[in-house]
Each structure stands twice: as C-alpha cells, then as structure tokens.
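Subject: A structure for you to look through

Dear colleague,

I am handing over the structure below, and after it you will find a short account of what turned up. Please keep it open beside you while you read.

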Amino acid sequence: MAESDKDNLISIIEEDNKDLVIPKILPMIPARDVVIFTDMLLPLFVGRGKSVRAVEDAISRDRFLFVVTQKDPTIEEPEPDDIYRVGTVSRILRVLKIPDGRVKALVQGIAKGKIERYVRRKASFRVKIKLLKETPIKGDDLEIEALMRNVKENSEKILMLRGEMTGDVGTILDSIEDPGKLADLMASNLRLKIEESQQLIEIVEPLERLKKVNDLLSKEVELSAVQAKIQSNVKDEITKNQKDYFLREQVRAIHRELGDFDEKAQELKEYQKKIKKARMPKTAEKEALKQLKRFDQMHHDSAESVVVRSYLDWLVDMPWEKSTKDMLNIKTAKKILDKNHHGLVKIKDRILEYMSVRKLNPDKKGPILCFVGPPGVGKTSLGQAIASSMKRKFTRISLGGIHDEAEIRGHRRTYIGAMPGRILQGLKQCGSNNPVFMMDEIDKLGSDFRGDPSSALLEALDPEQNVEFSDHYLNLPFDLSRVMFILTANITDTIPSALLDRMEIISLTGYTHEEKMIIAKKHLIPRQIKNNGLSARKVSLSTAALKQIISEYTAEAGLRNLEREISTICRKIARKIAEEEKGPFAVSKKNLEKFLGVPKYYPELDKEKSQVGLSTGLAWTQAGGEVLYVEASLSKGKGELSITGQLGDVMQESARTALSYTKANLDFFDIDKRIFENLDVHIHVPAGAIPKDGPSAGITIATALISALTKNPVKNDVAMTGEITLRGRVLPVGGLKEKSLGALRAGIKTILIPAKNKNELEEIPNQVKEKIEFIPVNNMNQVLNLAILKR
C-alpha cells in the first residue's frame with residue numbers, strides 16, 4: 001500500500017478486536033427524516049439520483065457510506081448548508097434494486113463522524129470526514145450504575161405501556177454495560193424529533209449523552225402514561241364499526257385532558273335548552289331526555305348517533321305548543337272571503353259558522369272538510385283564502401299517486417333515511433299546531449303491498465282519535481285536533497267509505513257564464529295583465545269578446561282554460577308592445593280570432609233542427625256536466641241489438657231495459673208487434689273513443705229508440721236525465737246541478753228531470769233557472785209527450 005493511501009485511512013477497533021479500516025473520504029447521502037446511531041440496523045429507501053449514485057459508489061469500493069441528516073426534509077436537492085455536519089459512518093449490508101429506479105439498502109451504524117469538507121457535490125456527494133471518538137468516562141461508579149439502572153427501568157415502563165415488553169428485550173437491556181451504547185440504543189428507539197436526535201448524536205461524552213437520554217425517557221414515560229389513560233377512557237366507547245374514528249376520539253380526549261373546549265358537551269347543552277324551550281308534553285319530554293342521555297354515551301361520529309341527533313332535531317322543532325291566534329271577527333272574515341272568491345255561498349257560510357262556534361267555544365275541535373268538484377273551480381285557492389280570513393298559517397300536501405303508508409304515518413327509525421310522515425312534516429314546516437292543512441287529490445290515493453295510505457288517514461282525520469295521532473317515526477302522541485283539515489277531490493266514488501264517513505262533503509259544481517264573466521273581470525284579467533307586464537290602461541277586453549271566449553273557446557266547469565285563453569291574449573299584446581307598436585290595444589268580438597284563432601267549440605252545432613232517433617241526455621264527469629247525444633237507428637235484420645260508443649255495463653243494461661220497455665208497449669205506440677222480427681236495432685253514443693257509464697241515460701236511450709220506431713223527431717232544445725225501469729218509471733239520479741250547468745253551456749232550454757230530484761232545484765243557481773225550464777217527470781209517457789214532436 002502506498003504511503004499516500006495510508007494517510008487516507010482510519011483504523012478503529014471493533015468488539016471482536018479486529019481492526020476495521022475506514023477511508024477518510026466517503027460517499028455521502030443526506031437522510032430526510034432519520035438519524036442513524038452507532039450499532040443501529042436500518043433499511044433505507046434511496047430514490048434521489050445523487051443518493052443512488054452514492055450508494056453505487058460505496059458498493060463498488062468497500063461498502064462504507066456516510067449517512068447524515070438534512071435539516072429540512074422537504075428540500076429535494078439539499079446543498080451543504082442544508083445538511084448537518086455530524087453523522088454516522090455506516091456499512092451497507094445488503095442492496096435491493098426496485099423496478100421504479102429506487103434502491104433499498106440495509107445499513108448498520110459503525111462510528112460517528114464529522115464532515116470536514118465536501119470533496120464532490122455534483123454527480124454525488126463525497127466528503128472528507130473526521131471520526132468523533134468518545135471521551136473517557138469520568139465519575140462515580142455508583143452514580144453511573146444508578147443512572148444506567150434508571151434508564152433501563154424507564155425503558156421497560158415505556159415498553160410495557162406500549163405493550164411491546166418481552167423477555168428478550170429485558171435480557172438485551174440487562175446485558176449492556178457501556179453507558180454510551182445504552183444511550184445510543186435508547187435514542188434510536190425513542191420517538192424523538194429530528195432536532196433532538198441530532199443533539200444526542202453530537203454529544204461525544206457518553207455520560208452526558210446518557211443523562212440527556214434519561215431526561216427524554218422521563219418525559220416520554222409521562223406522555224405514555226397520559227396516552228394510556230386516554231386510550232383507557234376511549235376504549236370503552238370504541239366498537240368494531242368505530243375504528244375509523246379512533247384518532248378523532250383521541251383528539252377529543254386530549255382536549256378534555258387539557259381542559260379545552262368540548263364540542264359535544266356544548267351540543268348537549270344546546271339540546272337541553274331546546275327541549276326546555278319546546279314545551280313538550282311530559283311523555284315527549286321524558287323521551288327526549290332519555291334519547292339525549294343515550295346520545296351523550298355514544299361515539300360522536302357513529303352511525304347511531306346520527307340517527308339519535310336527527311330524532312332530537314325533529315322533537316325540538318315540532319310545534320308542540322306553538323299556535324297562531326285566530327282572527328274571529330266574522331264581518332272582516334266575510335269581506336276577505338268575498339274579496340278572493342265570487343259566489344260559493346255555501347262554503348263561505350260553513351267557514352263563518354265554524355269561526356262563530358270557535359268564538360263561543362275556543363276548545364272546539366277543527367272541522368274536516370272535503371271540497372269535491374271538477375278541476376279549476378278554485379278548491380285549493382279557497383283553502384288559502386280560508387287561512388287568510390282566520391289569520392292562520394297554511395300548508396298543503398298532494399296525496400295523488402301515494403301508495404306507501406309510510407308517507408302518512410312516517411318510517412320507523414330502524415330504517416336508514418327514516419323520517420316522519422307528510423302530516424308532521426307539514427306542521428313542522430309551517431311552525432304551528434293549528435294551521436289550515438290542505439290535502440289535495442284525496443280521491444287519487446293508491447294502495448299496494450307497501451300498505452294502504454287511506455287507512456292510515458283514518459286516525460288523522462277522525463276528530464275523536466287525532467288528539468293522540470301517533471307517527472311511526474316520533475312514536476309519540478301528537479295533538480292534531482286543533483288543525484283545520486281541508487281535503488279536495490274531483491269525485492267521491494274512489495274514496496273509501498270509512499274515510500268518506502269522517503269528512504264533511506261540500507260540493508263545488510262549477511260556474512255559470514255570468515259567474516265566469518264576473519270572476520274574469522275581477523280576478524283573471526287583472527292578474528294576467530300584471531303577470532305579463534302590461535298596463536290596464538293599454539289593454540281592454542270587451543264584454544262581448546269575453547262572452548265569446550267563455551262559450552266558444554272553453555267548455556269547462558272551472559276557470560283554468562279561460563285563464564289560459566286570457567293569458568294568450570295578454571302575451572300577444574306584450575309581443576306587440578315589445579315590437580314597439582303603440583297602444584292602446586282593444587280586444588273585441590271582431591278581432592278576437594286574430595288573438596285566439598278560430599273557435600274551438602260550437603255548442604249548438606248538433607241541434608240546428610230536431611231529428612228522428614237523436615235525443616239529448618246529460619252526463620256527469622269529473623270535469624263537470626256535459627250533454628250526451630244518443631242515436632238510434634233501425635236496419636233490416638233479425639231483431640238483434642247492437643250497442644256502440646264504449647258504453648259501460650250499467651249503460652248497456654239501461655239500453656236493454658229501454659228496448660224491453662219499448663217491446664212491451666208497442667200497442668201503446670201503435671207499432672206493429674212483428675217489427676223486430678225483420679229489424680235490427682243499433683244504439684250509438686257519439687265520441688266512441690271516450691268510455692261512458694252511469695245510471696242516468698235510460699230515458700234518453702228509450703226516447704231515441706221510440707223516436708226511430710215512430711219516425712217522430714225529438715225536440716232539439718230538450719235534454720233529459722233519469723233512469724228507466726221495465727214498467728216505465730223514471731228513477732232519480734245524481735249530479736243535477738253539474739248537469740244543468742253543462743246544459744246551459746250547450747244552449748239547452750228545457751230539461752226533463754225525475755220528480756224525486758225536484759227538491760234539488762233549490763241548489764241550482766237562479767241564473768240557470770231563469771234560462772232553463774226544469775220539468776219533473778214520473779214516467780216515460782210524460783217524457784215522450786214533452787220530448788217528441790208528433791206529426
């Protein structure tokens with residue numbers, strides 16, 4: 001070996017008394033987040049280019065590598081000023097190259113060293129080092145022994161608190177007699193910060209380093225004891241499904257230990273205040289406090305605590321004792337109702353009667369009204385007007401298409417996403433326990449395997465039971481007796497009888513032309529002028545034009561299509577104004593077609609003259625009353641009866657009954673008894689695509705049939721309604737008011753009604769009775785004398 005090479009070598013003595021020669025100049029790698037002590041065995045993942053080349057350089061020589069820690073681990077390409085100067089000479093024991101280009105090296109600390117200067121910096125680091133020899137130990141042997149024993153005992157305590165203490169570890173600690181090695185061993189196993197580890201490695205005096213380690217161990221024992229206490233407090237609350245929240249619970253426990261703000265305790269106080277403020281019944285308050293106690297014992301972020309929190313929110317937000325004070329000034333209420341709705345005298349009287357009773361008896365339970373009528377007659381808006389007249393809050397739900405009982409009674413809390421039914425949801429939203437509660441489309445409730453919502457409504461709509469209405473979600477009684485329930489329906493046929501029995505039925509049959517005129521002028525036209533951004537001074541609609549819109553552009557019991565047609569006119573005028581045309585714009589009967597096009601309905605088209613075999617009946621539909629034409633014709637055949645027009649079973653039976661009555665009375669009508677041997681009878685009701693049924697067309701069919709047989713025409717301005725028996729009696733029918741309004745729209749002058757329906761004429765508006773003559777009949781002879789023209 002040359003003399004110059006010998007100058008670059010350092011000899012140290014290992015434990016096995018063999019000289020280990022270490023070069024003074026070594027490849028160096030900066031470690032990011034670890035400090036290597038002597039005798040420490042550690043795997044290093046080397047990924048930076050300079051460091052990988054330094055490892056390869058060490059392997060190609062003698063496997064010695066100088067490992068020193070960089071000051072800031074986030075720096076990707078550290079410079080000499082970013083690297084500590086004291087590190088550890090390490091020997092590479094094993095190297096594994098990883099496919100991503102990194103290198104995994106197993107290294108062992110050999111000796112401490114200090115960088116004197118950097119020999120190479122660009123491709124990889126090479127440094128000249130100076131070994132740091134430990135100073136001789138000076139001091140009292142008894143003091144040194146006591147210090148080492150204290151370090152070993154503290155180490156055992158920490159390992160026991162962590163659950164890492166084993167017999168082998170204890171044997172290793174007992175076998176170490178050198179203070180420096182004991183200090184390095186404990187320093188390498190303590191969870192120290194980089195700065196603290198670096199301070200230890202730079203201490204050359206073994207006894208001083210051991211004292212520093214002892215101080216750090218004492219601090220770590222205290223921290224481990226507090227951590228064990230925290231873990232003990234948390235452990236009882238943690239279940240298998242809550243392991244993901246372990247760290248959060250530790251943080252909370254640490255905050256409690258430090259006396260900091262506790263979020264959950266604050267939340268519990270807030271709930272206690274809300275429960276007290278809600279003024280719940282005793283049963284509900286007891287349940288709320290019980291759930292609050294459960295919530296306090298639960299993990300803050302567990303799935304069950306979310307369910308309990310949601311339940312508590314519903315309990316404190318329900319209007320247990322929150323109500324609005326009724327305005328019971330009858331005269332003022334009447335003015336409000338009259339202002340918002342024209343006519344509807346019967347309904348207004350019923351509301352004012354209820355308010356009068358409430359004024360005399362404040363404990364009177366709320367009524368359960370059901371408004372039945374065709375679409376567009378103002379059922380929903382009437383409910384809003386009632387709420388306004390009583391100064392109550394208004395809430396509305398639609399029951400159309402609901403099939404699930406839980407929509408009414410709520411879901412049980414065992415289900416994910418459970419919530420109360422729509423009744424309690426509506427009460428919570430309006431924040432009052434005595435609102436006007438409107439349930440639309442009660443006749444369109446469904447039922448299937450999920451339950452029957454109409455049955456669930458029985459309790460809510462029964463004044464004797466709804467004092468303690470029980471929702472599946474709250475599972476507590478709630479008083480609904482103060483609520484004024486108003487339901488709406490187009491027909492009552494589909495409402496279950498048990499539910500119908502609990503409601504007070506009020507019919508809204510529709511409006512006459514005169515009523516539509518008044519409503520249009522007072523409400524519809526001003527509203528559409530405002531909605532379309534117009535001015536009443538620039539737009540005018542003549543009375544004649546309005547009449548034509550009602551009679552020739554709409555055919556309905558309500559007002560929806562009428563308002564649509566008025567809206568169409570306003571939109572077209574708005575476009576003219578937007579195109580900078582100057583007004584004012586007057587809509588008259590002459591220019592109406594420019595705005596709405598040709599008329600859609602010609603009500604008197606089929607009655608230009610009286611015809612043989614064509615009679616006019618009256619039908620009741622969900623949209624109101626309508627005229628129904630029945631045609632009868634005879635043709636050569638064998639006496640067969642054909643019925644067309646999509647007639648239901650009831651109407652087909654009426655047709656057969658009418659035919660049997662006619663056959664039985666051929667002598668009375670002077671008709672040959674053998675006429676049906678060579679003739680077939682065909683009865684047809686036009687608009688064949690529309691299904692028709694009902695027990696009120698018997699006399700109409702018989703009249704058309706007898707007219708065809710006697711060849712005498714039926715009067716074109718006479719309509720009739722009533723069922724027929726085999727003996728020719730005329731039976732009473734329903735929906736007379738709706739049918740009369742339909743006849744008025746069709747231009748009918750005379751209506752033949754069953755004599756037993758005579759008492760219903762009082763409910764028919766005077767405007768209708770002034771224009772239509774109602775003639776009660778008892779039998780078919782009277783019908784034929786009044787309806788058929790005799791030649």
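Let me start with a single pair of strands, bearing in mind that this is a predicted model. Strand β10 pairs with strand β11, which covers residues 436-440, and the two run in the parallel sense over five bridges. Within this pairing, I397 has M439 of β11 as its bridge partner. As general background, the strands of a sheet pair through backbone hydrogen bonds, and they may do so in either a parallel or an antiparallel way.

This pair belongs to an open sheet of five strands, whose order is β10-β11-β14-β9-β15 and whose pairing is parallel. The edges are taken by β10 (394-398) and β15 (504-507), and because each has a single partner strand, one side of each is left without a neighbour in the sheet. From one strand to the next, the twist averages 20 degrees.

Stepping back to the whole protein, you will find 27 helices and 26 strands. The C-alpha trace spans about 155 × 65 × 60 Å along its principal axes, and the radius of gyration is 49 Å, whereas a compact globule of 791 residues would have one near 28 Å.

Of the 791 residues, 47% are buried, and the accessible surface comes to about 41500 Å², with 49% of that belonging to carbon and sulfur atoms. Finally, if you take the contacts between residues at least 6 apart in sequence, 72% of them join residues at least 24 apart.

With best wishes

Notes: Residues numbered from 1 in each chain as written. Predicted model: local features only at pLDDT ≥ 70, side-chain atom pairs only at ≥ 80, totals over all residues. Heavy atoms only, no water. Pairing = 2+ DSSP bridges. Helix = DSSP H or I, 4+ residues; strand = E, 2+ residues; numbered from the N terminus. Axes fitted to C-alpha atoms, helices over the stretch in contact; angles between N-to-C directions. Rg over C-alpha atoms; globule rule 2.2 N^0.38 Å. Buried < 20%, exposed > 50% of the residue type's maximum accessible area, 1.4 Å probe, protein only. Contact = heavy atoms within 4.5 Å. Areas by Shrake-Rupley, 256 points an atom, 1.4 Å probe, with all protein chains shown as cover.
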